[in-house]
Amino acid sequence: MKRQFSFIPLAARIATFLLIGMPTAQAKQQCSAVMPPNPREYWSWRLIDGRKCWYEGKPMLSKSLLEWPVRISTQARPTEELASALIEKPSDPSRQNTFDALWRTRVEQR
């Protein structure tokens with residue numbers, strides 16, 4: 001009598017090897033320009049964009065996992081000026097509603 005080969009254990013082994021080989025997704029860590037004065041954990045740094053990027057954790061973390069915080073501009077944009085420049089129509093009908101016309105209008109107002 002022949003023994004039947006069970007594919008379930010084979011499939012389980014293949015799935016296990018595939019899962020072990022897959023890299024885990026890691027969230028990026030924010031860089032800090034300075035190390036905190038009283039850190040509770042171990043801090044390291046990497047040179048990123050020509051500056052020391054301090055981060056919490058062990059040394060030699062991949063640079064792809066580090067990022068500088070996004071700078072938010074505190075300067076208010078003149079949205080009303082832009083809107084009025086785009087809404088105003090030039091007196092010459094041949095120059096209306098084209099990018100060049102709107103650009104010339106904006107440049108002439110300065």
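This is a short walk through one protein model, from its overall make-up to a few side chains.

Keep in mind that the model is predicted. There are three helices and four strands. From the N terminus, the order reads α-β-β-β-β-α-α.

Some totals next. The protein has 110 residues, and 13% of them count as buried. The exposed surface comes to about 10300 Å². Carbon and sulfur atoms supply 59% of that surface. Now contacts between residues at least 6 apart in sequence: 27% of these join residues at least 24 apart.

On to a single residue, R46. It lies in strand β2, which covers residues 43-48. What is the nearest side chain of opposite charge to R46? That is D49, and it is 12 Å away. So R46 has no salt bridge, since one would need a side-chain nitrogen within 4 Å of a carboxyl oxygen. R46 is nevertheless buried.

Who surrounds R46? Leave out residues up to four places away in sequence. R46 then touches R51, K52, C53, Y55, M60, L61, S62, K63 and L66. Two residues on that list, R51 and K52, come back shortly.

Take L66 next. It is found in strand β4, residues 66-67. Is L66 buried or exposed? It counts as buried because its relative accessibility is 5%, and the cut-off is under 20%. With the same sequence neighbours left out, L66 touches Q29, C31, R46, I48, C53, Y55 and L61. The C-alpha atoms of L66 and W54 are separated by 9.4 Å. Along the chain, those two residues are twelve apart.

That brings us to the rings. How many aromatic pairs does the count give? The count comes to one. The partners are W45 and W54. Their centres are 6.5 Å apart, with 55° between the planes. The pair is tilted because edge-to-face would need an angle over 60 degrees, and stacked would need one under 30.

The two partners differ in exposure. W45 counts as partly exposed, because 38% relative accessibility falls between the 20% and 50% cut-offs. W54 is at 16%, so W54 counts as buried.

Last, charges over rings. The charged end of K52 sits over the ring of W45, 4.4 Å from its centre. W45 therefore has two roles here: partner of W54 in the tilted pair, and the ring under K52. The charged end of R51 sits over another ring, that of W68. Here the distance to the ring centre is 3.7 Å.

Technical notes. Residues are numbered from 1 along each chain as its sequence is written. This is a predicted model: local features need pLDDT of at least 70, side-chain atom pairs count only at pLDDT 80 or more; totals for chains, interfaces and linings use all residues. Side-chain values use heavy atoms; hydrogens and water are left out. Helices (H or I, at least four residues) and strands (E, at least two) are DSSP runs, numbered from the N terminus. Buried means under 20% relative accessible area, exposed over 50%, partly exposed in between (1.4 Å probe, protein chains only). Contact means heavy atoms within 4.5 Å. Accessible areas come from the Shrake-Rupley method with a 1.4 Å probe; for residues, only the protein chains shown count as cover. Lys and Arg count as positive and Asp and Glu as negative; His and the chain ends are not counted. Rings of Phe, Tyr and Trp (its six-membered ring) pair if their centres lie within 6.5 Å; planes under 30 degrees apart count as stacked, over 60 as edge-to-face and the rest as tilted. A charge sits over a ring if NZ of Lys or CZ of Arg is within 6 Å of the ring centre and within 35 degrees of the ring normal.
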